[in-house]
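Visitor: Could you take me through the ligand site of this one, slowly? I'd like to know what surrounds the ligand, and then how the strands around the rest of the chain pair up.

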Amino acid sequence: MSIARMLARVPLFDKLTDDQLQRLEAHITSRYYRENEPVFRRGEDGETLYIINSGRVKIHNISDDGHEIIIAYLPQGEFFGEMSLLDGEGRSADATVIEAGELLMLHRSDFIVCLSRYPQMVSHILSVLGKRIRNANAQLDSLAHHNVTARLARQIVILSQQHGVTTPEGVRIEARLTQQNLASLIGASRESVNKNMKYLRERRLITFRKGTIIVHSIKSLAKMYSI
Ligand code: CMP
């Protein structure tokens with residue numbers, strides 16, 4: 001597939017005309033990343049915007065006491081690395097490829113030119129940033145006000161929306177997550193995630209199939225944290 005056709009599939013660029021995509025193509029490079037390969041580390045200078053053409057990326061940090069904090073799992077089609085390009089600070093978090101795939105890359109100088117030429121891109125970036133801030137605020141609220149069961153239910157709903165595929169059995173979360181990953185996403189211990197996953201399974205809200213989670217009732221999970 002040509003790079004211009006790949007770009008047309010990505011929400012960040014899908015409002016650009018064929019002509020604009022072809023001009024952009026000359027400035028895009030791509031690289032295949034293996035599973036667990038780091039893309040960049042927190043604090044590094046940001047020179048590049050990344051777009052996930054295939055695979056999945058984890059945005060995360062290590063806390064002062066050595067625990068991993070997972071900020072987000074990003075699926076195919078999402079972009080990352082825009083913050084340090086926009087504010088000139090170092091990378092705000094680590095990025096690691098967790099499912100092998102191809103990343104498309106746009107250098108900072110070309111990104112800035114794109115922002116001045118293509119208002120469609122600016123409005124898409126602002127809308128994604130708005131959603132990410134909303135999610136981060138809701139996450140803070142959840143940490144302050146919800147117990148582990150409600151936080152886990154909320155996280156499973158978010159993962160279903162971002163990484164879910166509808167199957168006859170329910171929504172299958174395509175990202176392969178360990179209980180430790182879930183614990184790092186919701187600020188809980190692996191043991192309490194284990195206990196609460198069992199609780200959700202016993203209530204037939206979720207099941208496990210070949211290392212993935214199948215969600216049977218997003219509505220019932222949502223009720224557990226939106227009372
Ligand atoms: P940057 O700071 O350059 O490097 C880390 C990247 O992680 C950042 O840009 C964003 O693209 C991404 N990122 C940071 N916070 C979030 C978040 N809350 N949700 C999704 N992505 C994020």
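**A close look at the ligand site**

Guide: Let's start with Arg-91: one of its polar side-chain atoms lies 2.8 Å from an oxygen atom of the ligand. Keep in mind that this is a predicted model, so read each distance as a computed value. Glu-82 also brings in its side chain, with a polar atom 2.6 Å from an oxygen of the ligand. Met-83 does it another way: here a polar backbone atom is 3.4 Å from a ligand oxygen. Taken alone, the ligand would expose 460 Å², and the protein buries 90% of that. The space the ligand takes up is the largest pocket.

So who else is there? In total, 13 residues surround the ligand, and the closest are Gly-81, Glu-82, Ser-84, Arg-91 and Ser-92. Sort the shell by character and you get seven nonpolar residues, three polar ones and three charged ones. Sort it by element instead, and β5 (68-74) and α3 (82-87) each turn out to supply at least two residues. The largest share comes from α3, with three residues.

Now for the strands, beginning with β6 (79-80). This strand belongs to an open sheet of four, in the order β1-β8-β3-β6, with antiparallel pairing. β6 stands at one edge and β1 (28-33) at the other; each has a single partner strand, so one side of each is left without a neighbour in the sheet. For β6 the pairing is with β3 (residues 48-52), antiparallel and joined by two bridges. If you want to find that pairing on screen, look for Ile-51, which stands opposite Phe-79 of β6. As a general reminder, strands of a sheet pair through backbone hydrogen bonds, either parallel or antiparallel.

Further along the chain there is another set of pairings to trace. Strand β9 (residues 164-167) runs antiparallel to strand β10 (residues 170-173), and four bridges join them. A hairpin of two residues makes the connection from β9 to β10. Thr-167 stands opposite Gly-170 in β10, which is a handy place to pick up the pairing. β10 also pairs with strand β12 (residues 212-215), again in the antiparallel sense, over three bridges. Here Val-171 is the one to click on, as it stands opposite Val-215 in β12.

If you go back to the ligand after that, start from α3, which gives the shell its largest share, and then look for the side chains of Glu-82 and Arg-91 at the ligand's oxygen atoms.

Note on methods
Residues numbered from 1 in each chain as written. Predicted model: local features only at pLDDT ≥ 70, side-chain atom pairs only at ≥ 80, totals over all residues. Heavy atoms only, no water. Near = heavy atom within 4 Å. Polar contact = N/O pair within 3.5 Å; in protein donor to acceptor, adjacent residues only side chain to side chain. Areas by Shrake-Rupley, 256 points an atom, 1.4 Å probe, with all protein chains shown as cover. 1 Å grid on protein atoms, 1.4 Å probe; cavity = no way out; pocket = protein on both sides within 12 Å on 5 of 7 lines; lining within 4 Å. Sits in = over half its atoms within 2 Å of the grid points. Nonpolar A, V, L, I, M, F, W, Y, C, P; charged D, E, K, R; others polar. Pairing = 2+ DSSP bridges.
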